[in-house]
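Here is a walk through one protein model, from its strands and helices to its aromatic rings and domains. Keep the structure open beside you while you read.

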Amino acid sequence: MASLYLIRHGQASFGEPEYDRLSPKGHQQGLMLGKAWQTMPAPDLVFTGELCRHHQTYEAFNKAYRNTAPQVVTAHELPALNEFDHVDILMQSEKQWQSYQDLVDYFSSLPDAKNNLKQVFDDAFTKWALAGSTGNYQESWCVFKQRANTALQLMIQARKVEHQTILAFTSGGIIAAIVQQLLALSDQHCLTLMRQIRNTSVTKIIFSGERISLDYFNNYQHLEQVGASWSTHR
């Protein structure tokens with residue numbers, strides 16, 4: 001029986017010119033996870049998506065973890081682990097937004113940006129999911145879910161007999177879509193899961209042969225032990 005740990009990236013830099021980078025808090029979250037992993041099974045195989053925040057989370061994880069690790073495992077880049085394009089989804093939802101900077105300027109002007117951002121994200125993702133395989137999105141909801149399942153299958157297929165512990169540094173949408181597949185959940189339930197996944201949280205999948213099952217979901221104990229303010233959604 002092997003274990004696959006799906007790890008969401010640390011907090012990214014929404015509101016900054018370059019979103020796809022960890023914020024200072026996101027970097028610290030990666031360090032906290034690495035320190036906590038010192039009591040966990042050593043990784044035999046590691047995957048990341050192509051995004052900068054995926055790589056930076058693994059780098060921060062390693063910085064804290066390698067103090068006790070005999071060696072650092074080289075990560076394999078897997079494009080299927082990339083997140084959906086949230087900017088495209090938001091712009092398709094509200095046509096007045098033509099660029100990422102338009103989004104930043106809009107939310108920066110609001111008195112309660114955090115709550116407004118959550119509502120706009122929720123509405124946009126719901127429209128995306130309801131559109132299914134239709135719409136003008138760069139990647140449809142249906143294709144995205146298929147890609148998430150492909151990522152899961154590729155990681156399982158890459159495992160060798162001696163690999164017992166696999167880590168995958170990815171994003172919340174991919175994690176939610178994989179869990180949806182494993183538990184045969186509805187699209188609405190998948191969106192609900194997506195909203196709950198914390199930065200650097202860990203979701204564990206166990207597998208052997210054709211059997212694949214969810215062990216636990218969205219564990220962020222390493223953040224809770226430090227303080228509630230470290231448990232971020234975005």
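"Buried" here means that a residue has under 20% relative accessible area, with a 1.4 Å probe and protein chains only. Keep in mind that this is a predicted model.

## Helix H1

With that cut-off, the buried residues of H1 are Gly 26, Gln 29, Gly 30, Leu 31, Met 32, Leu 33 and Gly 34. What do they pack against? Their partners are S1, H2, S5 and helix H9 (221-224).

The length of H1 works out nicely too. Its 13 residues should span 18 Å at 1.5 Å a residue, and the end C-alpha atoms are 19 Å apart, so the two values agree.

## Strand S1 and its neighbours

Strand S1 covers residues 2-8, and seven of its seven residues are buried. In a regular strand, side chains alternate between the two faces of the sheet. For S1, one side carries Ala 2, Leu 4, Leu 6 and Arg 8, the other carries Ser 3, Tyr 5 and Ile 7, and both faces are covered.

Which strands does S1 pair with, and in what sense? With strand S5 (residues 202-208) the pairing is antiparallel, over six bridges. Leu 6 is the residue to look for there, as it stands opposite Thr 203 in S5. With strand S4 (residues 165-170) the pairing is parallel, again over six bridges. On that side, Leu 4 stands opposite Ile 166 in S4.

## Strand S2

S2 shows two sets of side chains: Leu 45 and Phe 47 point one way, while Val 46 and Thr 48 point the other way. All four of these residues are buried.

S2 pairs with S4 in the parallel sense over four bridges, and S2 also runs parallel to S3, joined by three bridges. Thr 48 is a handy residue to click on: its bridge partner in S4 is Phe 169, and its bridge partner in S3 is Glu 77.

## Helix H2

Helix H2 runs over residues 52-65, which makes 14 residues. From first C-alpha to last it reaches 20 Å, close to the 20 Å expected at 1.5 Å a residue.

The buried residues in H2 include Arg 53 and His 54, along with Thr 57, Tyr 58, Ala 60, Phe 61, Asn 62, Ala 64 and Tyr 65. The buried residues of H2 pack against S1, helix H1 (24-36), strand S2 (45-48), S3 and S4.

## Helix H7

H7 (residues 172-183) is mostly covered, with nine of its twelve residues buried. These are Gly 172, Gly 173, Ile 174, Ile 175, Ala 176, Ala 177, Ile 178, Val 179 and Gln 180. They pack against S1, helix H6 (141-158), S4, helix H8 (187-196), S5 and strand S6 (211-219).

The twelve residues of H7 should span 16 Å at 1.5 Å a residue, and the end C-alpha atoms are 16 Å apart, so this helix agrees with expectation. Just after H7, Ala 184 takes a positive phi of about 55 degrees.

## Aromatic rings

The model has 14 aromatic pairs. One of them joins Phe 84 and Trp 128: the ring centres are 5.1 Å apart and the planes sit at 70 degrees, over the 60 that edge-to-face calls for, so this pair is edge-to-face. The two rings come from distant parts of the chain, 44 residues apart, with Phe 84 in the loop between strand S3 (75-77) and helix H3 (86-93) and Trp 128 in helix H5 (residues 113-131). Both residues are buried.

Trp 128 also pairs with Phe 125, and this pair is tilted, at 6.4 Å centre to centre and 55 degrees between the planes. Phe 125 and Trp 128 are three residues apart in H5, about one turn of the helix, and Phe 125 is buried as well. Elsewhere, Tyr 5, Trp 37, Tyr 58, Phe 61, Tyr 65 and Phe 169 form one aromatic cluster. There is also a Lys to spot: Lys 25 lies over the face of Trp 230, at 5.4 Å from the ring centre.

## Two domains

How is the chain divided? Domain 1 takes in 2-84 + 140-230, and domain 2 takes in 85-138. Taken over C-alpha atoms, the domain centres are separated by 24 Å. Across the boundary, 15 residues of domain 1 are in contact with 16 residues of domain 2.

Technical notes. Residues numbered from 1 in each chain as written. Predicted model: local features only at pLDDT ≥ 70, side-chain atom pairs only at ≥ 80, totals over all residues. Heavy atoms only, no water. Buried < 20%, exposed > 50% of the residue type's maximum accessible area, 1.4 Å probe, protein only. Pairing = 2+ DSSP bridges. Phe/Tyr/Trp six-rings, centres within 6.5 Å; stacked < 30°, edge-to-face > 60°. Lys NZ or Arg CZ within 6 Å of the ring centre and 35° of its normal. Expected span 1.5 Å × (residues − 1). Contact = heavy atoms within 4.5 Å. Domains from an automatic or database assignment.
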